[in-house]
Amino acid sequence: MFLLMIPLFSYLAAASLRVLSPNPASCDSPELGYQCNSKTTHTWGQYSPFFSVPSEISPSVPEGCRLTFAQVLSRHGARFPTPGKAAAISAVLTKIKTSATWYAPDFEFIKDYNYVLGVDHLTAFGEQEMVNSGIKFYQRYASLIRDYTDPESLPFVRASGQERVIVSAENFTTGFYSALVADKNPPSSSLPLPRQEMVIISESPTANNTMHHGLCRAFEDSTTGDAAQATFIAANFPPITARLNAQGFKGLTLSDTDVLSLMDLCPFDTVAYPPSSSLTTSSSTSGGSKLSPFCSLFTAQDFTVYDYLQSLGKFYGYGPGNSLAATQGVGYVNELLARLTVSPVVDNTTTNSTLDGNEDTFPLSRNRTMFADFSHDNDMMGILTALRIFEGVDAEKMMDNTTIPREYGETGDDPVNLKEREGLFKVGWVVPFAARVYFEKMVCDGDGNGEMVQSEEEQDKELVRILVNDRVVKLNGCEADELGRCRLDKFVESMEFARRGGDWDKCFA
(Lines give C-alpha, C1' and ligand atoms only; values in the text may rest on other atoms or scores of the structure.)
Protein backbone atom coordinates (compact mmCIF):
# COMPACT_ATOMS: atom_id res chain seq x y z
CA MET A 1 0.00 0.00 0.00
CA PHE A 2 1.06 3.55 -0.55
CA LEU A 3 -0.63 6.90 -0.18
CA LEU A 4 -0.62 9.15 -3.21
CA MET A 5 -1.12 12.90 -2.92
CA ILE A 6 -2.97 14.13 -5.98
CA PRO A 7 -2.56 17.78 -7.03
CA LEU A 8 -6.07 18.52 -8.23
CA PHE A 9 -5.07 21.61 -10.15
CA SER A 10 -3.16 19.46 -12.62
CA TYR A 11 -6.37 17.50 -13.23
CA LEU A 12 -8.26 20.70 -13.85
CA ALA A 13 -5.69 21.89 -16.37
CA ALA A 14 -6.06 18.67 -18.34
CA ALA A 15 -9.82 18.76 -17.98
CA SER A 16 -10.11 22.22 -19.47
CA LEU A 17 -8.65 20.86 -22.69
CA ARG A 18 -10.55 17.61 -22.92
CA VAL A 19 -13.51 17.25 -20.64
CA LEU A 20 -15.71 20.31 -20.81
CA SER A 21 -16.08 20.34 -24.58
CA PRO A 22 -18.98 18.34 -26.04
CA ASN A 23 -18.27 14.65 -26.47
CA PRO A 24 -17.69 13.96 -30.17
CA ALA A 25 -19.91 10.88 -29.92
CA SER A 26 -23.35 12.36 -29.29
CA CYS A 27 -24.68 8.94 -28.37
CA ASP A 28 -22.31 8.86 -25.39
CA SER A 29 -22.89 11.23 -22.48
CA PRO A 30 -22.17 11.54 -18.75
CA GLU A 31 -25.88 11.30 -17.98
CA LEU A 32 -26.96 8.24 -19.99
CA GLY A 33 -23.64 6.60 -20.74
CA TYR A 34 -23.03 4.70 -23.96
CA GLN A 35 -26.13 4.53 -26.16
CA CYS A 36 -24.34 4.06 -29.51
CA ASN A 37 -25.60 1.04 -31.49
CA SER A 38 -27.24 -0.12 -28.28
CA LYS A 39 -28.89 -3.24 -29.68
CA THR A 40 -25.38 -4.60 -30.14
CA THR A 41 -23.23 -2.78 -27.60
CA HIS A 42 -25.54 -3.57 -24.67
CA THR A 43 -25.13 -7.30 -25.34
CA TRP A 44 -21.41 -7.53 -24.67
CA GLY A 45 -21.74 -8.61 -21.05
CA GLN A 46 -19.00 -7.14 -18.85
CA TYR A 47 -17.35 -5.74 -21.99
CA SER A 48 -20.26 -3.38 -22.64
CA PRO A 49 -19.41 0.25 -21.99
CA PHE A 50 -21.43 1.74 -19.13
CA PHE A 51 -25.02 2.57 -19.99
CA SER A 52 -27.77 3.85 -17.72
CA VAL A 53 -30.07 0.94 -16.88
CA PRO A 54 -33.79 1.82 -16.79
CA SER A 55 -35.19 1.71 -13.27
CA GLU A 56 -38.67 0.66 -12.16
CA ILE A 57 -38.22 3.05 -9.21
CA SER A 58 -37.23 6.63 -9.97
CA PRO A 59 -33.52 7.19 -9.27
CA SER A 60 -34.19 10.83 -8.39
CA VAL A 61 -33.99 11.89 -4.77
CA PRO A 62 -37.57 11.59 -3.52
CA GLU A 63 -39.44 14.81 -2.85
CA GLY A 64 -39.12 15.88 0.74
CA CYS A 65 -35.84 14.01 1.22
CA ARG A 66 -32.29 15.26 1.61
CA LEU A 67 -29.12 13.31 0.92
CA THR A 68 -26.67 13.00 3.82
CA PHE A 69 -24.12 10.54 2.37
CA ALA A 70 -22.97 9.25 -1.02
CA GLN A 71 -20.42 6.59 -1.90
CA VAL A 72 -19.59 5.17 -5.31
CA LEU A 73 -18.01 1.79 -5.94
CA SER A 74 -16.79 1.80 -9.53
CA ARG A 75 -15.26 -0.61 -11.98
CA HIS A 76 -12.40 0.73 -14.09
CA GLY A 77 -13.16 2.05 -17.56
CA ALA A 78 -12.86 0.19 -20.86
CA ARG A 79 -9.54 -1.60 -21.25
CA PHE A 80 -7.56 -3.60 -23.75
CA PRO A 81 -7.77 -7.42 -23.55
CA THR A 82 -6.03 -9.33 -20.78
CA PRO A 83 -2.84 -11.19 -21.80
CA GLY A 84 -4.63 -14.53 -22.12
CA LYS A 85 -7.45 -13.13 -24.21
CA ALA A 86 -5.04 -11.12 -26.34
CA ALA A 87 -3.04 -14.29 -27.09
CA ALA A 88 -6.21 -16.16 -28.10
CA ILE A 89 -7.33 -13.33 -30.39
CA SER A 90 -3.91 -13.08 -32.00
CA ALA A 91 -3.82 -16.86 -32.52
CA VAL A 92 -7.14 -17.06 -34.34
CA LEU A 93 -6.27 -14.12 -36.60
CA THR A 94 -2.96 -15.78 -37.45
CA LYS A 95 -4.78 -19.04 -38.14
CA ILE A 96 -7.14 -17.31 -40.55
CA LYS A 97 -4.48 -15.33 -42.38
CA THR A 98 -2.12 -18.27 -42.83
CA SER A 99 -4.75 -20.85 -43.82
CA ALA A 100 -7.66 -19.16 -45.58
CA THR A 101 -7.70 -19.67 -49.32
CA TRP A 102 -10.90 -17.67 -49.83
CA TYR A 103 -12.76 -14.97 -47.89
CA ALA A 104 -16.42 -14.09 -48.22
CA PRO A 105 -16.92 -10.38 -49.05
CA ASP A 106 -17.90 -9.48 -45.48
CA PHE A 107 -14.77 -11.18 -44.17
CA GLU A 108 -12.21 -9.78 -46.60
CA PHE A 109 -11.22 -6.92 -44.29
CA ILE A 110 -9.46 -9.45 -42.06
CA LYS A 111 -6.76 -9.91 -44.71
CA ASP A 112 -5.55 -6.35 -44.12
CA TYR A 113 -6.37 -6.09 -40.43
CA ASN A 114 -3.33 -5.68 -38.20
CA TYR A 115 -3.92 -6.64 -34.59
CA VAL A 116 -2.17 -3.96 -32.53
CA LEU A 117 -4.36 -3.66 -29.43
CA GLY A 118 -2.59 -3.11 -26.16
CA VAL A 119 -2.82 -5.41 -23.15
CA ASP A 120 -4.62 -4.80 -19.86
CA HIS A 121 -4.31 -1.01 -19.84
CA LEU A 122 -7.15 1.49 -19.97
CA THR A 123 -8.02 2.76 -23.44
CA ALA A 124 -8.56 6.46 -24.18
CA PHE A 125 -12.25 5.59 -24.54
CA GLY A 126 -12.13 4.10 -21.05
CA GLU A 127 -10.45 7.21 -19.69
CA GLN A 128 -13.28 9.34 -21.08
CA GLU A 129 -15.82 6.97 -19.53
CA MET A 130 -14.31 7.66 -16.13
CA VAL A 131 -14.15 11.42 -16.72
CA ASN A 132 -17.86 11.26 -17.57
CA SER A 133 -18.49 9.22 -14.42
CA GLY A 134 -16.83 11.88 -12.27
CA ILE A 135 -18.89 14.60 -13.92
CA LYS A 136 -22.08 12.68 -13.23
CA PHE A 137 -21.13 12.00 -9.61
CA TYR A 138 -20.59 15.71 -9.04
CA GLN A 139 -23.86 16.65 -10.73
CA ARG A 140 -25.79 14.15 -8.65
CA TYR A 141 -24.20 14.80 -5.26
CA ALA A 142 -23.02 18.43 -5.37
CA SER A 143 -25.47 19.23 -2.56
CA LEU A 144 -23.20 17.34 -0.16
CA ILE A 145 -20.29 19.74 -0.71
CA ARG A 146 -20.39 22.26 2.14
CA ASP A 147 -17.23 24.14 1.17
CA TYR A 148 -15.13 23.18 -1.85
CA THR A 149 -12.05 24.67 -0.21
CA ASP A 150 -12.39 22.18 2.66
CA PRO A 151 -10.85 18.76 1.86
CA GLU A 152 -13.36 17.03 4.14
CA SER A 153 -16.19 18.25 1.90
CA LEU A 154 -14.69 16.50 -1.13
CA PRO A 155 -14.71 12.78 -2.03
CA PHE A 156 -12.23 10.55 -0.24
CA VAL A 157 -10.79 8.26 -2.91
CA ARG A 158 -9.40 4.72 -2.74
CA ALA A 159 -8.22 2.52 -5.59
CA SER A 160 -7.17 -1.08 -5.85
CA GLY A 161 -3.56 -1.19 -6.97
CA GLN A 162 -3.67 -2.23 -10.63
CA GLU A 163 -2.69 0.51 -13.06
CA ARG A 164 -5.98 0.63 -14.97
CA VAL A 165 -7.89 1.02 -11.70
CA ILE A 166 -5.61 3.82 -10.48
CA VAL A 167 -5.86 5.66 -13.82
CA SER A 168 -9.64 5.25 -13.70
CA ALA A 169 -9.73 6.88 -10.26
CA GLU A 170 -7.57 9.73 -11.54
CA ASN A 171 -9.84 10.33 -14.52
CA PHE A 172 -12.96 10.18 -12.36
CA THR A 173 -11.39 12.84 -10.17
CA THR A 174 -10.61 14.91 -13.26
CA GLY A 175 -14.25 14.84 -14.27
CA PHE A 176 -15.51 15.57 -10.77
CA TYR A 177 -13.35 18.64 -10.22
CA SER A 178 -13.88 19.90 -13.75
CA ALA A 179 -17.62 19.85 -13.12
CA LEU A 180 -17.10 21.55 -9.77
CA VAL A 181 -15.05 24.38 -11.27
CA ALA A 182 -17.52 24.81 -14.14
CA ASP A 183 -20.37 24.99 -11.63
CA LYS A 184 -18.79 27.15 -8.91
CA ASN A 185 -16.42 29.21 -11.06
CA PRO A 186 -14.09 29.80 -8.12
CA PRO A 187 -11.89 32.90 -8.13
CA SER A 188 -8.32 32.37 -9.20
CA SER A 189 -7.25 33.23 -5.66
CA SER A 190 -8.79 29.96 -4.43
CA LEU A 191 -6.91 27.85 -6.98
CA PRO A 192 -5.39 25.38 -6.86
CA LEU A 193 -8.03 23.64 -4.75
CA PRO A 194 -6.94 21.69 -1.66
CA ARG A 195 -4.74 18.69 -2.35
CA GLN A 196 -6.65 15.45 -1.96
CA GLU A 197 -5.38 12.07 -0.87
CA MET A 198 -5.97 8.84 -2.77
CA VAL A 199 -5.27 5.57 -0.99
CA ILE A 200 -3.91 2.89 -3.31
CA ILE A 201 -4.11 -0.65 -1.91
CA SER A 202 -1.76 -3.36 -3.13
CA GLU A 203 -3.07 -6.30 -5.15
CA SER A 204 -0.18 -8.57 -4.20
CA PRO A 205 -1.31 -12.17 -3.48
CA THR A 206 -0.90 -11.78 0.28
CA ALA A 207 -2.33 -8.26 0.65
CA ASN A 208 -5.52 -7.60 2.57
CA ASN A 209 -7.61 -5.64 0.08
CA THR A 210 -11.40 -5.48 0.23
CA MET A 211 -11.53 -4.44 -3.43
CA HIS A 212 -9.48 -7.32 -4.80
CA HIS A 213 -9.97 -11.03 -4.13
CA GLY A 214 -7.01 -13.36 -3.74
CA LEU A 215 -6.73 -14.52 -0.13
CA CYS A 216 -9.47 -17.19 -0.02
CA ARG A 217 -7.75 -20.33 -1.28
CA ALA A 218 -10.90 -22.37 -1.89
CA PHE A 219 -12.47 -19.56 -3.89
CA GLU A 220 -9.37 -19.02 -6.00
CA ASP A 221 -9.32 -22.75 -6.85
CA SER A 222 -12.98 -22.77 -7.85
CA THR A 223 -13.88 -23.58 -11.48
CA THR A 224 -17.67 -23.29 -11.30
CA GLY A 225 -17.83 -20.33 -13.69
CA ASP A 226 -15.55 -21.95 -16.26
CA ALA A 227 -17.53 -25.18 -16.08
CA ALA A 228 -20.86 -23.41 -16.64
CA GLN A 229 -19.46 -21.56 -19.64
CA ALA A 230 -17.91 -24.71 -21.15
CA THR A 231 -21.27 -26.50 -20.97
CA PHE A 232 -23.04 -23.55 -22.56
CA ILE A 233 -20.48 -23.18 -25.36
CA ALA A 234 -20.80 -26.85 -26.25
CA ALA A 235 -24.58 -26.53 -26.46
CA ASN A 236 -24.92 -23.17 -28.22
CA PHE A 237 -21.83 -22.24 -30.23
CA PRO A 238 -21.72 -25.04 -32.85
CA PRO A 239 -24.42 -23.44 -35.09
CA ILE A 240 -22.55 -20.10 -35.07
CA THR A 241 -19.25 -21.83 -35.77
CA ALA A 242 -20.76 -23.94 -38.56
CA ARG A 243 -22.15 -20.84 -40.26
CA LEU A 244 -18.81 -19.01 -40.19
CA ASN A 245 -16.97 -22.08 -41.49
CA ALA A 246 -19.47 -22.55 -44.32
CA GLN A 247 -19.97 -18.93 -45.32
CA GLY A 248 -16.89 -17.00 -44.18
CA PHE A 249 -13.78 -18.86 -45.31
CA LYS A 250 -12.34 -21.74 -47.22
CA GLY A 251 -9.14 -23.55 -46.34
CA LEU A 252 -9.57 -23.74 -42.57
CA THR A 253 -11.94 -24.87 -39.85
CA LEU A 254 -12.62 -22.60 -36.92
CA SER A 255 -13.35 -24.07 -33.49
CA ASP A 256 -15.99 -22.78 -31.07
CA THR A 257 -13.28 -21.07 -29.01
CA ASP A 258 -11.88 -19.47 -32.18
CA VAL A 259 -15.30 -17.99 -32.85
CA LEU A 260 -15.55 -16.75 -29.28
CA SER A 261 -12.24 -14.91 -29.76
CA LEU A 262 -13.55 -13.26 -32.93
CA MET A 263 -16.65 -12.18 -31.01
CA ASP A 264 -14.41 -10.73 -28.29
CA LEU A 265 -12.78 -8.54 -30.90
CA CYS A 266 -16.10 -6.78 -31.52
CA PRO A 267 -16.18 -4.96 -28.16
CA PHE A 268 -12.43 -4.67 -27.69
CA ASP A 269 -11.80 -3.24 -31.15
CA THR A 270 -14.76 -0.86 -30.77
CA VAL A 271 -13.56 0.69 -27.49
CA ALA A 272 -9.94 0.97 -28.67
CA TYR A 273 -9.19 4.63 -29.43
CA PRO A 274 -7.36 5.77 -31.48
CA PRO A 275 -8.50 3.12 -33.97
CA SER A 276 -6.63 -0.06 -33.23
CA SER A 277 -6.04 -1.30 -36.75
CA SER A 278 -4.53 -0.08 -39.97
CA LEU A 279 -7.95 0.08 -41.58
CA THR A 280 -8.80 3.46 -43.06
CA THR A 281 -12.33 2.61 -44.17
CA SER A 282 -15.40 4.11 -42.55
CA SER A 283 -15.99 0.88 -40.68
CA SER A 284 -12.96 1.40 -38.45
CA THR A 285 -13.58 2.45 -34.87
CA SER A 286 -13.69 6.09 -33.80
CA GLY A 287 -13.67 6.44 -30.06
CA GLY A 288 -16.35 3.77 -29.77
CA SER A 289 -18.96 5.74 -31.75
CA LYS A 290 -18.69 3.27 -34.65
CA LEU A 291 -18.73 -0.47 -34.38
CA SER A 292 -15.70 -2.55 -35.20
CA PRO A 293 -16.07 -4.41 -38.51
CA PHE A 294 -15.80 -7.65 -36.53
CA CYS A 295 -19.25 -6.95 -35.12
CA SER A 296 -20.79 -7.31 -38.58
CA LEU A 297 -19.73 -10.96 -38.75
CA PHE A 298 -22.39 -11.87 -36.19
CA THR A 299 -26.16 -11.57 -35.83
CA ALA A 300 -28.17 -10.04 -32.99
CA GLN A 301 -29.03 -13.54 -31.80
CA ASP A 302 -25.32 -14.45 -31.82
CA PHE A 303 -24.66 -11.59 -29.43
CA THR A 304 -27.51 -12.70 -27.19
CA VAL A 305 -25.68 -16.02 -26.94
CA TYR A 306 -22.45 -14.15 -26.23
CA ASP A 307 -24.09 -11.94 -23.61
CA TYR A 308 -25.66 -14.88 -21.80
CA LEU A 309 -22.33 -16.72 -21.84
CA GLN A 310 -20.69 -13.79 -20.05
CA SER A 311 -23.55 -13.64 -17.55
CA LEU A 312 -23.14 -17.33 -16.76
CA GLY A 313 -19.43 -16.90 -16.15
CA LYS A 314 -19.94 -14.05 -13.68
CA PHE A 315 -22.97 -15.58 -11.93
CA TYR A 316 -21.37 -18.98 -11.31
CA GLY A 317 -17.80 -17.78 -11.00
CA TYR A 318 -18.08 -14.63 -8.91
CA GLY A 319 -21.74 -14.32 -7.95
CA PRO A 320 -24.52 -16.27 -6.22
CA GLY A 321 -23.74 -19.43 -8.19
CA ASN A 322 -20.46 -19.75 -6.30
CA SER A 323 -20.92 -20.64 -2.63
CA LEU A 324 -17.92 -18.54 -1.55
CA ALA A 325 -18.54 -15.46 -3.71
CA ALA A 326 -20.44 -13.51 -1.06
CA THR A 327 -17.64 -14.13 1.41
CA GLN A 328 -15.22 -12.30 -0.90
CA GLY A 329 -17.37 -9.18 -0.52
CA VAL A 330 -17.76 -9.31 3.25
CA GLY A 331 -14.79 -7.08 4.06
CA TYR A 332 -15.99 -4.27 1.81
CA VAL A 333 -19.53 -4.51 3.18
CA ASN A 334 -18.19 -4.13 6.71
CA GLU A 335 -16.23 -1.05 5.62
CA LEU A 336 -19.44 0.34 4.09
CA LEU A 337 -21.32 -0.26 7.34
CA ALA A 338 -18.58 1.56 9.24
CA ARG A 339 -18.90 4.58 6.97
CA LEU A 340 -22.70 4.56 7.08
CA THR A 341 -22.77 4.37 10.88
CA VAL A 342 -19.59 6.41 11.51
CA SER A 343 -18.15 3.65 13.66
CA PRO A 344 -14.96 1.56 13.59
CA VAL A 345 -14.64 -1.26 11.08
CA VAL A 346 -15.32 -4.68 12.58
CA ASP A 347 -14.01 -7.44 10.31
CA ASN A 348 -11.61 -10.37 10.29
CA THR A 349 -11.62 -11.25 6.59
CA THR A 350 -10.03 -9.06 3.89
CA THR A 351 -9.80 -5.68 5.60
CA ASN A 352 -6.44 -4.09 6.36
CA SER A 353 -6.65 -3.13 10.04
CA THR A 354 -3.69 -0.77 9.73
CA LEU A 355 -5.41 1.26 7.01
CA ASP A 356 -8.93 1.01 8.40
CA GLY A 357 -7.79 2.00 11.85
CA ASN A 358 -6.10 5.20 10.66
CA GLU A 359 -8.13 8.37 10.16
CA ASP A 360 -5.80 9.43 7.35
CA THR A 361 -6.42 6.30 5.28
CA PHE A 362 -9.98 5.47 6.37
CA PRO A 363 -11.62 8.63 7.69
CA LEU A 364 -14.78 8.22 9.75
CA SER A 365 -15.50 11.84 10.64
CA ARG A 366 -19.14 12.87 10.43
CA ASN A 367 -17.94 15.71 8.22
CA ARG A 368 -16.99 13.14 5.58
CA THR A 369 -20.05 12.46 3.45
CA MET A 370 -18.59 11.57 0.02
CA PHE A 371 -16.46 8.54 -0.86
CA ALA A 372 -15.26 6.98 -4.12
CA ASP A 373 -13.75 3.48 -4.40
CA PHE A 374 -12.38 1.86 -7.57
CA SER A 375 -12.11 -1.85 -8.25
CA HIS A 376 -12.76 -4.66 -10.76
CA ASP A 377 -15.87 -6.41 -12.07
CA ASN A 378 -15.18 -9.73 -10.34
CA ASP A 379 -14.71 -8.05 -6.97
CA MET A 380 -17.85 -5.95 -7.40
CA MET A 381 -19.79 -9.14 -8.07
CA GLY A 382 -18.72 -10.56 -4.71
CA ILE A 383 -19.59 -7.32 -2.93
CA LEU A 384 -23.04 -7.12 -4.52
CA THR A 385 -23.65 -10.76 -3.65
CA ALA A 386 -22.75 -10.07 -0.02
CA LEU A 387 -25.14 -7.10 -0.11
CA ARG A 388 -27.93 -9.56 -1.05
CA ILE A 389 -28.64 -7.69 -4.29
CA PHE A 390 -29.17 -10.90 -6.29
CA GLU A 391 -31.47 -12.74 -3.88
CA GLY A 392 -34.41 -12.36 -6.27
CA VAL A 393 -32.62 -14.12 -9.14
CA ASP A 394 -34.19 -17.50 -9.91
CA ALA A 395 -31.01 -19.42 -10.75
CA GLU A 396 -32.80 -22.63 -11.75
CA LYS A 397 -35.04 -20.82 -14.23
CA MET A 398 -32.94 -17.84 -15.30
CA MET A 399 -29.36 -19.15 -15.22
CA ASP A 400 -29.58 -22.52 -16.98
CA ASN A 401 -26.19 -23.43 -18.45
CA THR A 402 -27.56 -24.97 -21.65
CA THR A 403 -30.61 -22.92 -22.67
CA ILE A 404 -31.18 -19.16 -22.74
CA PRO A 405 -34.46 -18.35 -20.95
CA ARG A 406 -37.13 -16.59 -22.98
CA GLU A 407 -37.11 -13.68 -20.52
CA TYR A 408 -33.52 -12.85 -21.42
CA GLY A 409 -34.70 -11.18 -24.62
CA GLU A 410 -33.12 -11.12 -28.05
CA THR A 411 -31.11 -7.91 -27.90
CA GLY A 412 -29.71 -5.62 -25.27
CA ASP A 413 -32.58 -3.15 -25.60
CA ASP A 414 -35.48 -5.58 -25.72
CA PRO A 415 -38.21 -4.48 -23.32
CA VAL A 416 -38.48 -6.94 -20.48
CA ASN A 417 -41.60 -7.44 -18.39
CA LEU A 418 -40.80 -5.79 -15.06
CA LYS A 419 -42.06 -8.73 -13.00
CA GLU A 420 -39.88 -11.09 -15.02
CA ARG A 421 -36.92 -8.73 -14.89
CA GLU A 422 -36.83 -8.91 -11.10
CA GLY A 423 -35.62 -12.50 -11.37
CA LEU A 424 -33.23 -11.91 -14.27
CA PHE A 425 -29.47 -11.49 -14.17
CA LYS A 426 -27.66 -9.72 -17.00
CA VAL A 427 -24.02 -8.97 -16.28
CA GLY A 428 -24.07 -5.92 -18.57
CA TRP A 429 -26.64 -4.37 -16.25
CA VAL A 430 -24.35 -4.93 -13.28
CA VAL A 431 -20.61 -4.69 -14.04
CA PRO A 432 -19.98 -3.24 -17.53
CA PHE A 433 -16.88 -1.17 -18.14
CA ALA A 434 -17.08 1.90 -15.83
CA ALA A 435 -19.91 0.33 -13.82
CA ARG A 436 -20.90 2.25 -10.74
CA VAL A 437 -22.84 1.42 -7.59
CA TYR A 438 -24.15 4.36 -5.59
CA PHE A 439 -24.76 3.99 -1.86
CA GLU A 440 -26.95 6.76 -0.48
CA LYS A 441 -28.22 7.89 2.90
CA MET A 442 -31.10 10.34 3.14
CA VAL A 443 -33.45 11.87 5.65
CA CYS A 444 -37.05 12.64 4.80
CA ASP A 445 -39.83 14.74 6.29
CA GLY A 446 -43.28 13.36 6.81
CA ASP A 447 -44.61 14.67 3.51
CA GLY A 448 -42.08 13.72 0.86
CA ASN A 449 -42.72 10.06 0.09
CA GLY A 450 -41.11 9.30 3.43
CA GLU A 451 -43.99 7.14 4.61
CA MET A 452 -41.71 5.26 6.99
CA VAL A 453 -40.95 8.52 8.82
CA GLN A 454 -44.04 9.33 10.88
CA SER A 455 -43.28 10.48 14.40
CA GLU A 456 -41.10 13.47 15.28
CA GLU A 457 -38.56 11.08 16.78
CA GLU A 458 -38.38 9.08 13.55
CA GLN A 459 -37.80 12.17 11.40
CA ASP A 460 -34.12 11.96 12.24
CA LYS A 461 -33.86 8.32 11.08
CA GLU A 462 -31.74 7.89 7.99
CA LEU A 463 -32.71 5.72 5.05
CA VAL A 464 -30.32 3.70 2.88
CA ARG A 465 -30.68 3.22 -0.86
CA ILE A 466 -28.51 1.48 -3.47
CA LEU A 467 -28.43 2.18 -7.20
CA VAL A 468 -26.62 -0.08 -9.67
CA ASN A 469 -25.89 1.77 -12.91
CA ASP A 470 -28.77 4.17 -12.18
CA ARG A 471 -31.23 1.38 -11.43
CA VAL A 472 -32.65 1.49 -7.90
CA VAL A 473 -32.46 -2.02 -6.45
CA LYS A 474 -34.98 -2.93 -3.79
CA LEU A 475 -33.02 -4.00 -0.74
CA ASN A 476 -33.58 -7.45 0.73
CA GLY A 477 -34.11 -8.50 4.32
CA CYS A 478 -34.59 -5.04 5.83
CA GLU A 479 -38.26 -4.18 5.27
CA ALA A 480 -37.65 -2.02 2.22
CA ASP A 481 -40.32 0.52 1.34
CA GLU A 482 -41.88 1.00 -2.09
CA LEU A 483 -38.96 3.22 -3.07
CA GLY A 484 -36.45 0.44 -2.38
CA ARG A 485 -35.07 2.04 0.81
CA CYS A 486 -34.47 0.66 4.27
CA ARG A 487 -33.96 2.28 7.63
CA LEU A 488 -30.26 2.39 8.40
CA ASP A 489 -30.60 0.25 11.51
CA LYS A 490 -32.61 -2.36 9.60
CA PHE A 491 -30.09 -2.36 6.78
CA VAL A 492 -27.24 -2.99 9.21
CA GLU A 493 -29.20 -5.87 10.76
CA SER A 494 -29.79 -7.36 7.30
CA MET A 495 -26.03 -7.58 6.75
CA GLU A 496 -25.71 -10.27 9.44
CA PHE A 497 -23.82 -12.60 7.06
CA ALA A 498 -21.14 -9.98 6.50
CA ARG A 499 -21.03 -8.88 10.13
CA ARG A 500 -20.28 -12.43 11.28
CA GLY A 501 -17.51 -12.83 8.71
CA GLY A 502 -19.38 -14.81 6.06
CA ASP A 503 -17.94 -18.28 5.48
CA TRP A 504 -14.33 -17.18 5.78
CA ASP A 505 -13.42 -20.35 7.68
CA LYS A 506 -14.31 -22.40 4.59
CA CYS A 507 -11.63 -20.62 2.56
CA PHE A 508 -8.93 -22.70 4.19
CA ALA A 509 -10.75 -25.92 5.06
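# A walk through the disulfides, cores and hollows

Let's start with one bond: Cys216 and Cys507 are joined by a disulfide, with 2.0 Å from S to S. Cys216 sits in the loop between strand E7 (196–201) and helix H6 (217–220), and Cys507 sits in the segment after helix H19 (496–499), so this pair ties together parts that lie 291 residues apart in sequence. The link is left-handed, with -95 degrees about the S-S bond. Are its two ends buried or exposed? Cys216 has 0% relative accessibility, so this residue counts as buried. Cys507, at 2%, counts as buried too. Keep in mind as you look around that this is a predicted model.

That bond has company, since searching the whole structure turns up five disulfides. If you count the bonded cysteines along the chain, they pair up as 1-2, 3-7, 4-10, 5-6, 8-9. Take Cys27 and Cys36, whose sulfurs are 1.9 Å apart in their disulfide. This link is right-handed, with 90 degrees about the S-S bond. Its two ends fall into separate classes: with a relative accessible area of 25%, Cys27 is above the 20% limit for buried and so is partly exposed, while Cys36 has 2% and counts as buried. Then there's the disulfide of Cys478 and Cys486, with an S to S distance of 2.0 Å. Here the turn about the S-S bond is 75 degrees, and the link is right-handed. Both of these cysteines are buried.

Now step back to take in the whole chain. You'll find 19 helices and 13 strands in it. The chain has 509 residues, and 58% of them count as buried. What about contacts that reach along the sequence? Take the contacts between residues at least 6 apart in sequence: 79% of these join residues at least 24 apart.

Next, head for the inside. In soluble globular proteins, nonpolar side chains tend to be buried together. In this model, the largest nonpolar core has 101 residues, and the ones with the most contacts inside it are Ile96, Ile110, Leu387, Ile466 and Phe491. Which element gives this core its largest share? That's H10, with eight residues. To see what the surroundings of a core residue look like, zoom in on Ile96. Setting aside neighbours within four places in sequence, Ile96 is in contact with Tyr103, Ile110, Phe249, Leu252, Leu254 and Leu262. There's also a second, separate core, made of 41 residues, with Phe50, Ala142, Leu193 and Ala372 among them.

So much for the filled parts; what about the empty space? Rolling a probe the size of a water molecule over the atoms shows where such space is left. The largest pocket has a volume of about 810 Å³. It is lined by 38 residues, and those closest to its centre are Gln46, Asp226, Lys314, Tyr318 and Asn378. Several helices take part in this lining: H3 (83–99), H6, H7 (224–236), H9 (256–270), H10 (300–318) and H14 (377–386) each supply at least two residues. H10, then, turns up both in the largest core and along the largest pocket. What kinds of residues face this pocket? By class, its lining has 20 polar, ten charged and eight nonpolar residues.

Besides the pocket, the structure has three cavities of 30 Å³ or more. The largest cavity holds about 70 Å³ of space. Its lining is made up of Asp28, Ser29, Pro30, Gly33, Tyr34, Pro49, Phe50, Glu129, Asn132, Ala434 and Arg436. Strand E2 (28–29), strand E3 (33–34) and helix H4 (124–141) are the elements that give two or more residues to this lining. By class, the lining has five nonpolar, three polar and three charged residues. You've met Phe50 before: this residue belongs to the second core and also lines the largest cavity.

Finally, look for the second largest cavity, with about 50 Å³ of space. Around it you'll find Asn209, Thr210, His212, His213, Gln328, Gly329, Thr350, Asp379 and Ile383. How many of these lining residues are nonpolar, polar and charged? Seven are polar, one is nonpolar and one is charged.

Conventions:
Residues are numbered from 1 along each chain as its sequence is written. This is a predicted model: local features need pLDDT of at least 70, side-chain atom pairs count only at pLDDT 80 or more; totals for chains, interfaces and linings use all residues. Side-chain values use heavy atoms; hydrogens and water are left out. A disulfide is a pair of cysteine sulfur atoms within 2.5 Å. Buried means under 20% relative accessible area, exposed over 50%, partly exposed in between (1.4 Å probe, protein chains only). Helices (H or I, at least four residues) and strands (E, at least two) are DSSP runs, numbered from the N terminus. On a 1 Å grid over the protein atoms alone, a cavity is a set of points where a 1.4 Å probe fits but cannot get out, and a pocket is an open set with protein on both sides within 12 Å along at least five of seven lines; lining residues have an atom within 4 Å of a point. Grid points are joined across faces, edges and corners, and a volume is the space filled by probe spheres set on the points. Ala, Val, Leu, Ile, Met, Phe, Trp, Tyr, Cys and Pro count as nonpolar, Asp, Glu, Lys and Arg as charged, and the others, Gly among them, as polar. A nonpolar core is a set of buried Ala, Val, Leu, Ile, Met, Phe, Trp, Tyr and Cys residues joined through side-chain atoms within 4.5 Å. Contact means heavy atoms within 4.5 Å.
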